[in-house]
Amino acid sequence: MTSGCPALGVGLLRLAILGTILLLWEALARSGLLFRDVVPSLAKIALALGHLGTDPDFYRNLRGTAAEVGVSLAIGGSIGVAAGLLLGGSRLLGKAFEPYIHYLGPTPKIIFFPVMIMWFGIGPGSKIAMGALSCFFPVALITAAGMRQIDEVLIRVGRSFRARPWQMATKIYFPAMRYPLLNGLRLGFGVAVIGVLLAETKMSNQGLGFMVMQSYSQFDMPGMYALLLVVFALAILVNATISRLGGLDSTQH
Amino acid sequence: MANRPLAEAKCLPAALGLGGLAAVLALTEMLIRLGWVNRFIVPLPSEVFVSFERIILEENVLSRFLATAGEALAAAFLVSLTGVALGAFLHRHRLLRRACESWVAGLAAAPLVLLYPLFLVIFGRNALTIVMIGFVSGLPPAILKTVEGFAGTPKVLLDVGRSFSLSPSQLFWKIAFPSALPVIFVGVRLGLMFSLINIVGVEFLINFGGLGQLVNELAERYDLAAMYAAICFVILVSVFFFIASEKLERWLLRSA
């Protein structure tokens with residue numbers, strides 16, 4: 001096995017792995033080792049996926065979740081970018097307040113959900129707040145780090161042309177920070193999705209998280225698998241799209 | 001004397017940070033006392049501070065902390081064992097690595113914690129569900145960093161080992177593994193952070209276990225001050241854990 005592994009070999013191996021997993025799944029489903037439908041047969045999951053594709057309720061809930069994630073990303077992302085620019089632009093402010101964001105970032109945000117319910121009610125507001133709170137931290141930290149990485153020469157060129165603060169932001173800072181900003185957006189999207197969906201599973205009457213809990217309470221296991229597959233596929237797809245659109249390779253930036 | 005401005009310059013950001021935090025708390029206290037902020041929605045910071053004693057004495061916060069820590073430890077053990085073994089396996093089989101690495105990276109970006117209703121059905125509403133969620137969510141970073149760690153072993157070290165006619169097993173245990181250990185630890189630490197976040201989150205969501213359940217119970221009892229105190233306690237525990245693991249990681253990277 002040399003370093004020049006042919007792409008064909010990789011593709012074939014992937015197909016073989018997928019095939020093996022599906023075969024093992026089907027064997028487990030038919031074995032009767034687990035309670036009925038805990039591992040449903042592939043045919044049942046495919047049927048549930050087909051049913052989901054034609055269910056108007058699914059699209060209504062998908063729109064609800066997408067709107068909540070979109071608004072939370074817009075609010076949390078813009079506040080995160082503003083905070084990041086402020087902290088990255090001032091050494092004193094960065095040293096004073098960035099450690100708080102750095103250490104608060106990896107805390108479990110879902111425990112703030114009762115607070116968000118008190119502040120914004122049990123409707124979409126509290127879910128949006130959860131998503132915004134979740135995505136604020138990675139966006140702010142990455143923006144601040146990106147701000148500090150800007151080549152000093154570019155900033156001096158902008159100042160020598162007497163660029164106004166707005167011109168500095170749009171002509172120098174944002175173009176020079178496009179990779180960190182997009183990376184922040186990508187990470188922010190990932191955590192906003194988690195924040196919104198988890199909040200929907202806890203207390204909601206709409207959204208994909210609510211649908212997952214409905215399947216759970218009705219013991220509709222094929223339906224739950226189908227929903228989880230769709231949610232995972234959508235999350236990975238949007239993540240990959242943001243990376244590709246921005247020319248990002250997650251391992252490089 | 002010359003060092004004094006330097007020391008002052010170092011203290012200024014910390015003082016500004018702490019001062020800013022104190023100012024926000026004081027402002028919140030004032031706004032609530034003036035009636036501009038509803039105290040039935042946001043409790044007085046002073047009440048929250050006093051409630052710490054109550055959650056320690058009456059709500060058994062320490063035994064709940066131990067329950068969460070036990071779950072996190074079990075998940076960490078599983079993540080370290082499985083993640084490092086799978087990472088080493090992927091590194092040894094290059095074709096398999098090329099086929100699977102992007103899948104593992106995709107899983108690292110997927111909202112794995114959403115699997116908890118499924119795990120509730122499979123394992124029941126008990127600690128095993130929480131540990132398994134912690135394990136599953138912590139696994140991808142541990143695998144990815146282990147692969148990265150082994151891939152970064154300097155070739156010259158391996159060549160030295162081969163020149164001493166070491167067997168493949170000796171090459172692995174005496175050279176590749178020690179060399180990759182600091183990066184592997186970074187992965188295990190990341191995995192542990194993901195595990196801890198999801199463990200507390202699932203405890204809160206399914207109302208079972210340690211600290212997460214405490215926050216949920218206090219919210220359901222509408223004991224606002226104690227609920228805020230419990231949230232602060234969870235944050236303090238997370239931050240302490242994060243700082244300790246970060247320091248350990250730095251020490252490992254320095255000594256490597």
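**Note on the predicted model: chain B, a shared pocket and selected residues**

1. Chain B exposes about 13000 Å², and carbon and sulfur atoms supply 71% of that area. The structure under discussion is a predicted model, and each value below should be read in that light.

2. The secondary structure of chain B consists of ten helices and zero strands. Read from the N terminus, its elements follow the order α-α-α-α-α-α-α-α-α-α. The radius of gyration of chain B is 23 Å, well over the 18 Å that the globule rule gives for 256 residues, so chain B is more spread out than a compact globule. The C-alpha trace of chain B spans about 80 × 65 × 30 Å along its principal axes.

3. As for the interior of chain B, buried residues make up 46% of its 256 residues. Among the contacts in chain B with a separation of 6 or more, 71% are between residues 24 or more positions apart.

4. The second largest pocket has a volume of about 1900 Å³. Elements of both chains give two or more residues to its lining: α1 (7-31), α2 (42-53) and α11 (221-245) of chain A, and α3 (61-92), α4 (94-109), α5 (116-123) and α6 (127-151) of chain B. The greatest contribution comes from α11(A), with eight residues.

5. In total, 40 residues line the second largest pocket, and those nearest its centre are Ile21(A), Trp25(A), Leu229(A), Phe232(A) and Leu107(B). What is the chemical character of the residues in this lining: nonpolar, polar or charged? The lining divides into 39 nonpolar residues, one polar residue and no charged residues.

6. Tyr225(A) deserves separate mention; its place is in helix α11 of chain A. Tyr225(A) has a relative accessible area of 10%, which is under the 20% limit, and therefore counts as buried. Beyond its neighbours within four places in sequence, Tyr225(A) is in contact with Trp25(A), Val38(A), Val39(A), Pro40(A) and Ile45(A), and also with Leu118(B) and Ile122(B) of the other chain. Tyr225(A) and Lys44(A) are 181 residues apart in sequence, yet their C-alpha atoms are 9.8 Å apart in space.

7. Helix α10 of chain A (residues 208-217) is mostly covered, since seven of its ten residues are buried. The buried residues are Leu208(A), Gly209(A), Phe210(A), Met211(A), Val212(A), Met213(A) and Ser215(A). Their cover includes α2, α3 (56-89), α9 (178-202) and α11 of chain A, together with α5 of chain B.

8. Two residues call for a check of the backbone. Most residues other than glycine have a negative phi. Phe219(A), although not a glycine, has a positive phi of about 50 degrees. Phe219(A) comes just after α10(A), in the loop between α10 and α11 of chain A. With a relative accessibility of 40%, Phe219(A) counts as partly exposed, because this class covers values between 20% and 50%.

9. The second such residue is Asn60(B), which is not a glycine and has a positive phi near 50 degrees. Where in chain B is Asn60(B) found? Asn60(B) is in the loop between α2 (45-57) and α3 of chain B. Its relative accessible area is 47%, so Asn60(B) is classed as partly exposed.

Note on methods:
Residues are numbered from 1 along each chain as its sequence is written. Chains are lettered from A and ligands numbered from 1 in the order in which they are written. This is a predicted model: local features need pLDDT of at least 70, side-chain atom pairs count only at pLDDT 80 or more; totals for chains, interfaces and linings use all residues. Side-chain values use heavy atoms; hydrogens and water are left out. On a 1 Å grid over the protein atoms alone, a cavity is a set of points where a 1.4 Å probe fits but cannot get out, and a pocket is an open set with protein on both sides within 12 Å along at least five of seven lines; lining residues have an atom within 4 Å of a point. Grid points are joined across faces, edges and corners, and a volume is the space filled by probe spheres set on the points. Helices (H or I, at least four residues) and strands (E, at least two) are DSSP runs, numbered from the N terminus. Ala, Val, Leu, Ile, Met, Phe, Trp, Tyr, Cys and Pro count as nonpolar, Asp, Glu, Lys and Arg as charged, and the others, Gly among them, as polar. The radius of gyration is taken over C-alpha atoms; the globule rule is 2.2 Å times the number of residues to the power 0.38. Buried means under 20% relative accessible area, exposed over 50%, partly exposed in between (1.4 Å probe, protein chains only). Contact means heavy atoms within 4.5 Å. Accessible areas come from the Shrake-Rupley method with a 1.4 Å probe; for residues, only the protein chains shown count as cover.
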